Amino acid sequence: MNNTRKISEDLYWVGSSDRRLNLFENIMPVPQGVSYNAYILKDEKNVLIDTSDNSVADQFFENLYSLIGDNEKLDYIIVNHVEPDHSSLLCRTAYEYPEAKIICSAQAQKMILQFFDCIATERFITVKEGDKISFGKHEFTFCTAPMVHWPEVIVSYDITTKTLFSADAFGTFKALNGNLFADEVNFDRDWLDEARRYYTNIVGKYGTQVQNLLKKASTLEINMICPLHGPIWRENIGYFVDKYDKWSRYEAEDDTILIIYGSLYGHTESAANIVASRLAEAGQKNIAMYDASVTHPSYLLSEAFRCRRIVILSSTYNAEVYTPVKIFIDEMKSHNLQNRVFAVAENGTWAPTAGKQMREMLAFNNNVITDTTLTIKSALNENQKDSVDKFVNEILNK
């Protein structure tokens, strides 16, 4: 049975959700699944806006067949983004609807032909910034959105209904649980963390490019945003646009202090707990703490984007920073995180060297590092109380 959803007059959702996927892009855990959104516009011309992932092929085609019947044809396929979770079914769709023209950017055409050798080049219509195509009463224009988050990306804007088909922008992890629209769920409570984790890990490196897209979007009157993952936005759109603005400017969302630690036998963990307690006693209300060894880096990176002050405690391991902590720092750097305040603590029974190395690793993108490195030799002891107090005060006052 099909599971199409009417979004508005002439526009339908033909996507699906995958709750069996363990790792998105084979790297990021998605314990609550992910949705793959695709859309059908039924006008004088029938238009499919993106396809989907192979994992939901059966449902996708059942949805598609229910809207494009035996006596109809599919006239156009818009490809906003070529990444396989949105284009894996393009070749089969093109085969089943041989009259359909494929609308995409010139770079997207090259990428599609790299993935598939079954689509003739004469079927492509390439569009560039500002181009317009009428499908009947609906007229679309196209904006380039390079590196949000692949270089070929376009976003499509229905001038008639003021609907933005935003590709991967404004997407989020999590499967859709029946509710298709963001205003039907408690987004701030139930979706925001996964939206941030999606943004930071997928698009986070490309803040400048996201800012460019937001500037283009600000010139449009937008009544609805239809992303490729997650719920559709038709109310309170400014709330989510503001989140994207903050994240892409690498601006912290709140005053939480983030503590990340890597501990072999529990002594560095104990030090992290002591530091957290001292921060709380000094009046800090919002503290988040994670063990880097058991928390996937995608969650740690998301939290680093949320918080302005970050405390990192690492055991010394093979004369280097403890491997899970090193991965976390590398993730922050590779995703271009900026303008954070860091404090570092090191542990080492005979040769604590992680602190100096962490300070060197964190010296990127206008980050500030507090003056004092808290050094632990095996375990914190009572005579280090003043050192801990100094370390905590610097975190609070830097």
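## One face of helix 1

Let us begin with helix 1, which covers residues 57–67 and has Ala 57, Phe 60, Phe 61, Asn 63, Leu 64 and Leu 67 as buried residues. Looking down the axis of helix 1, you would find these buried residues within an arc of 160°, so they line one face of the helix. What do the buried residues of helix 1 pack against? Their partners are three strands, namely strand 2 (11–13), strand 7 (39–42) and strand 8 (46–49), together with helix 3 (90–96).

Please keep in mind that this is a predicted model.

## The chain as a whole

Stepping back from helix 1, you can see a protein chain with 13 helices and 23 strands. The C-alpha trace spans about 85 × 40 × 35 Å along its principal axes. Of the 398 residues in the chain, 55% are buried.

How do contacts connect parts of the sequence? Taking contacts between residues at least 6 apart in sequence, 71% join residues at least 24 apart. On the outside, the accessible surface of the chain comes to about 16,900 Å², and carbon and sulfur atoms account for 46% of that surface.

## The largest pocket

Rolling a probe the size of a water molecule over the atoms shows where empty space is left. In this model, the largest pocket has a volume of about 340 Å³. Its lining is made of 17 residues, and those nearest the centre of the pocket are Leu 264, Thr 316, Gly 348, Thr 349 and Trp 350. Two elements give two or more residues to this lining: helix 9 (267–281) and strand 19 (307–317). Strand 19 supplies the largest share, with 3 residues.

What kinds of residues line the largest pocket: nonpolar, polar or charged? The lining has 11 polar residues and 6 nonpolar ones, with no charged residues.

## The second largest pocket

The second largest pocket holds about 160 Å³ of space. Its lining includes Asp 18, Leu 21, Leu 23, Phe 24, Glu 25 and Asn 26. Tyr 36, Asp 53 and Ser 55 also line this pocket, as do Glu 83, Pro 84 and Asp 85. The elements that contribute two or more residues here are strand 4 (23–24) and helix 2 (84–87).

By residue type, the lining of the second largest pocket divides into 5 nonpolar, 2 polar and 5 charged residues. The largest pocket, for its part, has no charged residues in its lining.

## A cavity with a nonpolar lining

How many cavities of 30 Å³ or more does a search of the whole structure find? The search finds 1, and the volume of this largest cavity is about 40 Å³. Around the cavity you will find Leu 164, Ala 169, Phe 170, Val 210, Leu 213, Leu 214, Ala 217 and Tyr 244. These lining residues are 8 nonpolar, with no polar and no charged residues. Helix 7 (residues 207–218) gives the most to the lining, with 4 residues.

## Backbone details in three loops

A few places in the backbone are worth a visit. A cis peptide bond joins Val 148 and His 149, with omega about 5°. His 149 sits in the loop between strand 13 (139–144) and strand 14 (154–158).

Ala 167 and Asn 366 each draw attention through the phi angle. Ala 167 is not a glycine, yet has a positive phi of about 55°. You can find Ala 167 in the loop between strand 15 (163–165) and helix 5 (187–190). Asn 366, also not a glycine, has a positive phi of about 65°, and this residue lies in the loop between helix 12 (354–361) and strand 22 (368–369). Are these residues buried or exposed? Ala 167 counts as buried, at 1% relative accessibility, whereas Asn 366 is exposed, with a relative accessible area of 62%.

## Ser 378 and its neighbours

Our last stop is Ser 378, in the loop between strand 23 (374–376) and helix 13 (385–397). With 29% relative accessibility, Ser 378 counts as partly exposed. Which residues does Ser 378 touch, leaving out those up to four places away in sequence? They are His 267, Asn 347, Gly 348 and Thr 349. Gly 348 and Thr 349 are also among the residues nearest the centre of the largest pocket.

Ser 378 can be placed relative to Glu 346 as well: the two are 32 residues apart in sequence, and their C-alpha atoms are 9.9 Å apart in space.

Definitions and conventions:
Residues numbered from 1 in each chain as written. Predicted model: local features only at pLDDT ≥ 70, side-chain atom pairs only at ≥ 80, totals over all residues. Heavy atoms only, no water. 1 Å grid on protein atoms, 1.4 Å probe; cavity = no way out; pocket = protein on both sides within 12 Å on 5 of 7 lines; lining within 4 Å. Points joined across faces, edges and corners; volume = space filled by probe spheres on them. Nonpolar A, V, L, I, M, F, W, Y, C, P; charged D, E, K, R; others polar. Buried < 20%, exposed > 50% of the residue type's maximum accessible area, 1.4 Å probe, protein only. Arc of directions from axis to C-beta. Contact = heavy atoms within 4.5 Å. Areas by Shrake-Rupley, 256 points an atom, 1.4 Å probe, with all protein chains shown as cover.
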